[in-house]
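Subject: Structure for you to look through

Dear colleague,

I am passing on a structure that I would like you to look through before we next talk. Please open it first, and then read my notes beside it.

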Amino acid sequence: MAISITKPQPIDTRSASDPYVLPFTAISAADLPQVGGKGANLGEMTQAGFPVPPGFCVTTSAFRRFVENCADMDELYGALETVRADDLDRARVVGEQVRSRLAKVPIPPDVADAVLGAWRGLGANDAYAVRSSATAEDLPDASFAGQQDTYLNIRGADSMLESVRRCWISLFTDRAILYRVQNHFDHRDVLLSVVVQRMVLPQVSGILFTADPVTGNRCITAIDASYGLGEALVSGIVSADLYKVDKRLLREVDAIIADKQLAIRPLPNGGTMQEKLNGAARTARVLTAEQAISLTQIGSRIEAHYGKPQDIEWALADDDFYVVQSRPITSLYPPPAPPPTDGAAHFYMSFSHAQVMTDPMPPMGLSVWRLLFPFGKEAEPEAYNPLLTHAGGRLYVDVGPLLARTLPRRIVPTMLENADPLIAAAIKQLLKRPEFRIESMVGQRARLHNLARWLRPILFGAVANLFWRQPEGRAAAVNRWSDDFARRITKQLTAAQP
């Protein structure tokens with residue numbers, strides 16, 4: 001079935017104060033308080049020209065109007081505030097109480113008229129996906145995805161209104177209640193919008209990560225793909241193919257083909273069904289390499305628009321790709337801060353882990369290390385060291401200038417095997433990449449005489465400790481040296497005071 005992405009008819013469903021309905025074409029990221037994270041992203045992508053099927057959002061104003069129709073809503077909110085993060089039984093009891101009460105609350109007539117007016121403006125004969133969009137969902141630093149309900153292949157006015165109501169009520173599922181408690185969100189502050197989107201009836205659908213969520217490689221996209229509707233993949237009831245594409249080279253680098261036993265298909269009169277797969281389709285590729293590359297290009301444009309890696313839900317219908325959701329990937333390890341600005345490839349090694357300092361450091365500690373680390377900042381001794389940065393509360397050193405030279409390139413991984421075999425293995429793997437070949441790093445080479453001046457006393461001390469110094473009494477000697485060093489530094493600091 002072909003899906004048209006033509007501009008929908010204008011929808012005039014605004015009340016005198018707040019709108020109950022907003023079309024995607026009138027929504028941007030700034031409208032998150034009215035349409036939730038999912039709705040804001042769909043509107044933002046629509047306005048940016050990405051292939052998003054048209055739709056509208058039933059705003060948080062409509063949700064407020066609905067719960068205001070519940071005479072004892074204040075008491076229900078009070079009961080929700082008694083739920084503790086570790087009290088599953090209490091969450092079940094209170095959640096059921098709230099849901100049962102709201103199921104009996106009628107949708108206000110002005111809200112129902114606004115929803116049905118917008119629905120008819122898009123096309124009353126089409127199938128729709130009706131999805132919850134909370135104001136604490138798909139945020140840059142927190143993903144509440146999947147906490148509320150989604151309904152697919154919705155047809156007809158009655159089914160549309162009932163699906164909207166059920167989405168509103170799903171704000172109070174047991175897991176949504178507990179999730180808010182665990183993340184310290186006030187129940188009264190989290191509101192729900194409902195996304196109503198013309199439904200793509202795809203042959204294939206899935207999820208695109210614009211950075212590999214397993215390895216953390218931001219140059220590789222990971223694509224999960226299966227037959228039928230994507231909800232089956234999101235909910236984990238079907239197996240999916242996995243394709244990986246290098247974003248820089250636009251080349252597929254891996255393909256793992258699953259045994260796909262099930263697909264979820266839409267029914268002609270609404271709803272969905274599970275289809276059992278047989279024959280060659282079960283183990284056939286669902287995407288060609290060319291399609292995986294085309295999808296990667298769409299994902300790269302979306303990532304560039306948002307300025308950070310994205311988790312994208314997509315569908316393929318009649319050889320055309322459509323985007324039905326995008327949210328930030330919140331599980332990636334943060335990149336170095338501040339990031340390099342020279343456009344070259346950089347090679348950061350965890351200085352913290354090499355020193356067995358695995359816990360995060362406080363900001364002051366990070367700052368002191370970046371000021372005192374000597375090698376690489378000979379020209380500006382009072383500045384932060386450009387080779388030392390931080391990420392995730394740990395120190396990282398840019399070893400690219402060192403590994404741009406032949407001798408260190410051979411001996412550094414071998415030396416590191418004694419300190420941290422995992423770091424050594426990662427370095428050997430990275431050195432195979434084209435951007436880290438020695439001929440590609442000529443402009444980054446370290447000046448070895450400066451490095452030797454810095455490393456010489458460290459290496460001599462290490463050799464002496466290994467071969468002829470006796471361990472007895474060394475602890476006392478180190479303590480004496482530390483006390484003497486502290487006295488000298490204190491004396492210098494005192495003398496420098498005005």
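**Strand 3 and the sheet around it**

Strand 3 is joined to strand 4 by three bridges, and the two strands run antiparallel. Strand 3 also pairs with strand 5, again in the antiparallel sense, and there the pairing extends over seven bridges. Please keep in mind throughout that this is a predicted model.

A good residue to find on screen is Arg-131, which stands opposite Thr-150 in strand 4 and has Val-195 as its bridge partner in strand 5. Val-195 leads on to another strand, since Cys-57 stands opposite Val-195 as well. Cys-57 can be found in strand 2 (residues 55-58), which pairs with strand 5 (residues 192-198) in the antiparallel sense over four bridges.

Taken together, these strands belong to an open sheet of five strands, in the order 1-2-5-3-4 and with antiparallel pairing. Its edge strands are strand 1 (21-23) and strand 4 (150-154), each of which pairs on one side only. From one strand to the next, the twist averages 20°.

**Is strand 3 enclosed or open?**

Seven of the seven residues of strand 3 are buried, so the strand is largely enclosed by the rest of the structure. In a regular strand, side chains alternate between the two faces of the sheet. In strand 3, Tyr-128, Val-130, Ser-132 and Ala-134 point one way, while Ala-129, Arg-131 and Ser-133 point the other way, and all of them are buried.

**Helices on the sheet**

Helix 5 (residues 109-122) lies across strand 1, strand 2, strand 3 (128-134) and strand 5, and it runs at about 175° to strand 2. Helix 6 (residues 157-169) packs on the sheet too, where it touches strand 2, strand 3, strand 4 and strand 5, and its direction makes about 25° with that of strand 3.

The length of helix 6 can be checked by a short piece of reasoning: at 1.5 Å a residue, its 13 residues should span 18 Å, and because its end C-alpha atoms are 19 Å apart, the two values agree. The buried residues of helix 6 are Met-160, Leu-161, Ser-163, Val-164, Arg-165, Cys-167, Trp-168 and Ile-169.

**A residue in helix 9**

Please look next at Glu-303, which lies in helix 9 (residues 289-306). Is Glu-303 buried or exposed? Its relative accessible area is 16%, and because buried means under 20%, Glu-303 counts as buried. Leaving aside its neighbours within four places in sequence, Glu-303 is in contact with Thr-210, Lys-247, Lys-308, Pro-309 and Gln-310.

**The chain as a whole**

The secondary structure of the chain comes to 16 helices and 16 strands, and of its 498 residues, 46% count as buried. If you consider the contacts between residues at least 6 apart in sequence, 67% of them join residues at least 24 apart. The chain exposes about 25300 Å², of which carbon and sulfur atoms supply 55%.

**Where to be careful**

The mean pLDDT of the chain is 85, and 88% of its residues reach 70 or more. Over residues 1-16, however, pLDDT stays under 50, and for this stretch the model has 31 contacts beyond four places in sequence.

With best wishes

Notes
Residues are numbered from 1 along each chain as its sequence is written. This is a predicted model: local features need pLDDT of at least 70, side-chain atom pairs count only at pLDDT 80 or more; totals for chains, interfaces and linings use all residues. Side-chain values use heavy atoms; hydrogens and water are left out. Buried means under 20% relative accessible area, exposed over 50%, partly exposed in between (1.4 Å probe, protein chains only). Contact means heavy atoms within 4.5 Å. Accessible areas come from the Shrake-Rupley method with a 1.4 Å probe; for residues, only the protein chains shown count as cover. Two strands pair if DSSP finds at least two bridges between them. Axes are lines fitted to C-alpha atoms, for helices over the stretch in contact, and angles run from 0 to 180 degrees between N-to-C directions. The expected span of a helix is 1.5 Å times one less than its number of residues. pLDDT is the predictor's confidence in each residue, from 0 to 100.
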